[in-house]
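Visitor: Before I accept labels attached to a model, I like to see each one set beside the rule behind it. Could we go through a few of them in that way?

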Amino acid sequence: MIKTNKILALGFGIVSMLFINSCVEDDDYTTPNLTIAPVDVSSLGLETSFSNIIARYNTAVVNGEQVGVFSVENDGPLYAVGYVVSDDGSGNFYEEIVIQNSIDGTDPSGDVRRGLKIDINANDLGGIYNFGRKVYIKLNGLAISEDNGVYVLGKSEGNSLEQIEESLVSDFIIRDPETVVIEPKMVAIEDLTDLDESTYIQLSNSQIVKAQKDLTYAGEATDEFDGFRTITNCDTNASLLLQTSTFADFNGAQLPSGKGTISGVYTRDFGDDFSVLIVNAVTDIDFNDPNRCDPVVLECTGVSGGGSTLYSENFEGFGGYAAEGWTMTNVDGGSVDWFISSFSGNNYSRISAFSSGESAAEVWLVTPDIDMDTTTGEELSFDLEAAFANGIIISVYASTDFSGDVTTATWTQLDANIQAGPSSGFGGFETIDPINISCLDGSVNFAFVYTGSDPSATTRYHLDNLVITGN
């Protein structure tokens with residue numbers, strides 16, 4: 001509902017601007033007073049911290065249950081101090097500002113670094129609450145709730161949290177004359193926690209995954225409301241989704257193809273399904289190093305294709321992985337695994353780390369031995385469906401010395417053109433372009449490797465119709 005309202009508000013806002021501009025009195029060109037007066041802190045009441053307000057919300061109970069919305073109406077005057085880390089100038093943020101309690105990765109007051117989102121029924125907020133602007137938040141009359149996984153300030157309407165009306169914004173969010181330089185917290189993807197949500201972070205030595213580097217930010221036909229692209233770290237292979245609004249003025253621009261640093265607001269997606277990074281503008285991305293860290297993949301240069309089927313598996317009448325000569329291994333020892341599933345009479349192999357509670361789930365599904373000594377021009381193809389995607393977390397490998405233990409075999413990654421699926425719902429099966437494997441000889445095993453992590457990497461995959469051909 002909130003997203004729909006925002007889209008409608010965008011249209012009404014444009015019409016309103018045109019109407020207002022047409023009604024300006026002729027010859028009235030007085031320069032407005034843009035001076036920001038110092039804030040009289042003594043009039044605001046007692047200062048409190050972001051953490052204190054969040055803790056009070058989390059412990060507020062009515063009839064034995066946590067309240068959905070916590071209001072400070074009955075408290076004495078309270079205020080909090082913060083710094084704006086969002087900017088809606090490029091359209092990637094809309095009707096909201098994000099504020100954190102420190103100018104860098106630490107908080108000199110001793111409080112942990114925290115951030116809050118404030119929902120406001122207005123746009124073009126960056127001209128008033130610009131990036132780095134120090135603000136005082138009058139908390140009395142406001143309420144806090146957890147919305148889509150992050151803490152949000154707004155107005156209480158019964159058991160729901162509504163946006164602050166434009167006419168009331170300056171009463172609650174008071175600008176200080178000071179604009180500071182925000183220093184992003186340098187952090188590794190795997191070290192991010194919910195304490196970093198709604199704060200400004202920076203990732204180093206990162207890039208857009210190879211399968212997506214030639215896409216736009218959010219201008220593809222499959223991008224609805226937002227585009228999601230996978231950022232991967234070159235040192236650890238950890239990944240995080242870059243979220244870009246289809247209303248951003250750079251939505252149709254091509255993604256940078258190199259590697260480097262990227263800064264943005266760490267938050268959750270609209271459905272609270274996974275964590276994302278949202279940049280204020282393309283200038284927050286410095287992927288100018290052309291030396292990408294893409295994995296080394298098998299490159300067979302010989303002619304391939306046009307052969308007959310050497311091996312196929314569609315999982316119909318499937319007797320189980322072990323019985324059919326397949327090997328399924330979770331090398332992290334968890335419960336996430338591949339299993340046979342069915343929909344509309346079609347069987348396939350399925351996997352997802354969703355709701356597993358496992359921070360690492362590397363799960364291998366290895367084919368039986370396939371003899372490639374007596375054929376030439378071999379190719380491999382398969383059908384894959386991605387659903388509820390929050391990253392491309394499956395890859396394909398080949399080995400000529402696998403003997404049952406995936407950790408001791410030598411594996412070479414295949415250049416499988418796997419695309420990201422939809423963030424909600426199912427993308428439908430897509431046939432992965434045939435992969436040239438003509439330079440492999442002997443007994444070969446192929447592995448489908450899932451690298452999940454709950455809740456940040458839980459994309460669900462369905463695998464079907466594996467076919468290997470040769471002449």
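Visitor: What makes Asp 196 and Arg 113 count as buried or exposed?

Guide: Both Asp 196 and Arg 113 are buried, a word reserved for residues under 20% relative accessible area, whereas exposed means over 50% and partly exposed lies in between (1.4 Å probe, protein chains only). The structure is a predicted model, in which local features need pLDDT of at least 70 and side-chain atom pairs count only at pLDDT 80 or more, while totals for chains, interfaces and linings use all residues. Residues are numbered from 1 along each chain as its sequence is written, and side-chain values use heavy atoms, with hydrogens and water left out.

Visitor: Why is the contact of Asp 196 and Arg 113 called a salt bridge?

Guide: The rule asks for a side-chain nitrogen of Lys or Arg within 4 Å of a carboxyl oxygen of Asp or Glu, and the N to O distance for Asp 196 and Arg 113 is 4.0 Å, so the pair qualifies under that rule. Because Asp 196 lies in the loop between strands S14 (185-186) and S15 (199-208) and Arg 113 in the loop between S6 and S7, the contact ties together parts that are 83 residues apart in sequence. Strands here are DSSP runs of E with at least two residues, and helices are runs of H or I with at least four, both numbered from the N terminus.

Visitor: How do you know that Lys 117 and Glu 96 form a salt bridge?

Guide: Their closest N and O atoms are 3.4 Å apart, and the same rule that accepts this pair gives a count of 8 salt bridges. Lys 117 sits in strand S7 (residues 115-121) and Glu 96 in strand S6 (residues 96-100), 21 residues apart, and both residues are buried.

Visitor: What separates Lys 213 from Asp 214, buried or exposed, given that they share a salt bridge?

Guide: The bridge itself has an N to O distance of 3.5 Å, but Lys 213 has a relative accessible area of 18% and is therefore buried, whereas Asp 214, with 54%, is exposed. Elsewhere, salt bridges that share partners join Arg 113, Lys 185 and Asp 196 into one network.

Visitor: Why is the pair of Cys 234 and Cys 293 called a disulfide?

Guide: A disulfide is a pair of cysteine sulfur atoms within 2.5 Å, and the S to S distance of Cys 234 and Cys 293 is 1.9 Å, so the pair meets the cut-off. The link is left-handed, with -75 degrees about the S-S bond. Cys 234 is in the loop between S16 (226-233) and S17 (239-245), and Cys 293 in the loop between S20 (285-289) and S21 (308-313), 59 residues apart. Cys 234 counts as buried because its relative accessibility is 18%, while Cys 293, at 28%, is partly exposed.

Visitor: How do you know that Cys 300 and Cys 439 are also joined?

Guide: Their sulfur atoms are 1.8 Å apart, and the link is left-handed at -60 degrees about the S-S bond. A search of the whole structure finds 2 disulfides, which follow the pattern 1-2, 3-4 when bonded cysteines are counted along the chain. At 12% relative accessibility Cys 300 counts as buried, whereas Cys 439, with 39%, is partly exposed.
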